[in-house]
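User: I am new to this structure and would like to understand the terms used for it. Please set each term against its definition.

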Amino acid sequence: SGRAEGGAGGGNVLRQIRQREWEVRQPGASGNSYFTPTLVSICAQAVADDFPRQPPIDQIDPGLQNLVISLLSPELPVTVTVPKVSHDYYWKDCCTHRWASGVLGDAKEVARDTAGGGWKRVFLERFLEEWIMGLEEDSPGPSTLADLETLCTLSAPYVRRLRLGPLRCHLNIFDLLFWLKKVTEFRLSFGTTSAGMGYESRMVGMRPQDCLQLADALRSPSTSLTSLSLSENQIDNDKLKALLTGLVKNFVLTNLDLSHNKIGDPGVRALATFLVRKKQTLQTLSVADNVIRAEGARALGKCLTMNDCLLTLNLGLNRVGDDGGRSILEGLRENSTLTDLNLSTNELGHESGRALCELLKASTTLRRLDLTGNVLGEQVGTELLDVLETNTTLRSLDARMSGINVDLLELISEKLRERTRPF
């Protein structure tokens, strides 16, 4: 019995020692260890404490590298760590220390691509976005610009995606993309969430000089942009035409989002001209929620007869009307590439419905179609069901709230579901 009690007491003492050892090794902990630290750990701690004056981690003794990295603070300045540390687990620690897991979103998917920068890329993209979004002045001063250039130069080899918005500071977009030549995905919107009583309309949306600067960046031979989102930027016809002066010289962009702006028929006519240029590369285009009417739709319908590159077109939440819808659908009869079309909430009627049925009889490429919120009617619904007996390409058709009864819509959906069921 005495031996058992002694054994239990000894176990408790050992656990207390281990607990204290764990506590004193935590960052910022005070107290002394029961054990004398090894010379290796003393050296590693000295290197970590004086890391700004140390050589890059790869030039440190291999036996010390992992230990030094484990001792480095995740709050060291990026001007110190970016050129000196490439180990992925250090940058993962920096990310989890700075942001909650919910904020990181799709970071894990990006981090898996170690060849593309891994966690170092995740950290620098988000850090750069936060830094730029934190700029409050309308136009950055010389000191801010110098700091931004330094940060961009450090981050440039790793940053592939930049998402800014709502951004209050109207910095020079050409300079930003010139410093970040490897950015392939760029999302930009100007605005403010904290203007209060000092709100002015000029705080929201792109200004003419912003459009011209971006146009210069788009025509630059050094650009790598393949995806550009300019949603919610108050872009009107004149601003779109300014952007097009750069887009016509760009042959790498594949995805363009101009949704939720103020583009009307004159702007769409200019856009349609751009879509029929030689060596077209644009595959996805969204002009949803603008002010496009029948005239603009006719221009798009005509350009679709000549465009052989566009795969996805989103025209939802405009008011092209029955005549405009018919023009687009008739134009698609001579198009052999478009697979996804959104014409939701566009006041399409019976004539558009008939044009759609004729299109589906001949189309071998259209796979997804959104017609929600129109006024097609029961007869069009019946004709669509009949057409699906011969059309074998379409996979998705959404026509809710378009004057077609629920039972008929369910029959259409069931016929399309049969095409995607595994055998």
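User: What makes Asp138 count as partly exposed?

Analyst: Asp138 has 33% relative accessibility. Buried means under 20% relative accessible area, exposed over 50%, and partly exposed in between (1.4 Å probe, protein chains only). Asp138 therefore counts as partly exposed. The structure is a predicted model, in which local features need pLDDT of at least 70 and side-chain atom pairs count only at pLDDT 80 or more, while totals for chains, interfaces and linings use all residues. Residues are numbered from 1 along each chain as its sequence is written, and side-chain values use heavy atoms, with hydrogens and water left out.

User: Why is the contact of Arg207 and Asp138 called a salt bridge?

Analyst: A salt bridge is a side-chain nitrogen of Lys or Arg within 4 Å of a carboxyl oxygen of Asp or Glu. The side chains of Arg207 and Asp138 meet at 2.7 Å, N to O, so the pair satisfies that definition. Arg207 is in the loop between strand S2 (185-190) and helix H11 (208-219), and Asp138 is in the loop between H8 and helix H9 (142-155), so the salt bridge ties together parts 69 residues apart in sequence. Helices (H or I, at least four residues) and strands (E, at least two) are DSSP runs, numbered from the N terminus.

User: Is Arg207 buried or exposed?

Analyst: Arg207 counts as buried, because its relative accessibility is 11%.

User: How do you know that Arg121 and Glu125 are separated by about one helical turn?

Analyst: Arg121 and Glu125 are 4 residues apart in helix H8 (residues 118-133), which means a separation of about one helical turn. Their side chains meet in a salt bridge of 2.7 Å, N to O. Arg121 counts as buried at 12% relative accessibility, and Glu125 is buried at 4%.

User: What makes H2 oblique to H3?

Analyst: The axes of helix H2 (residues 39-49) and helix H3 (residues 62-71) come within 9 Å and cross at roughly 55°. Angles under 35 degrees count as roughly parallel, over 145 as roughly antiparallel, 65 to 115 as roughly perpendicular and the rest as oblique. The crossing angle therefore makes H2 oblique to H3. Axes are lines fitted to C-alpha atoms, for helices over the stretch in contact, and angles run from 0 to 180 degrees between N-to-C directions.

User: Which residues of H3 make the contact with H2?

Analyst: Leu64, Leu67, Val68 and Leu71 of H3 make the contact, where contact means heavy atoms within 4.5 Å. On the H2 side, the residues include Val40 and Cys43.
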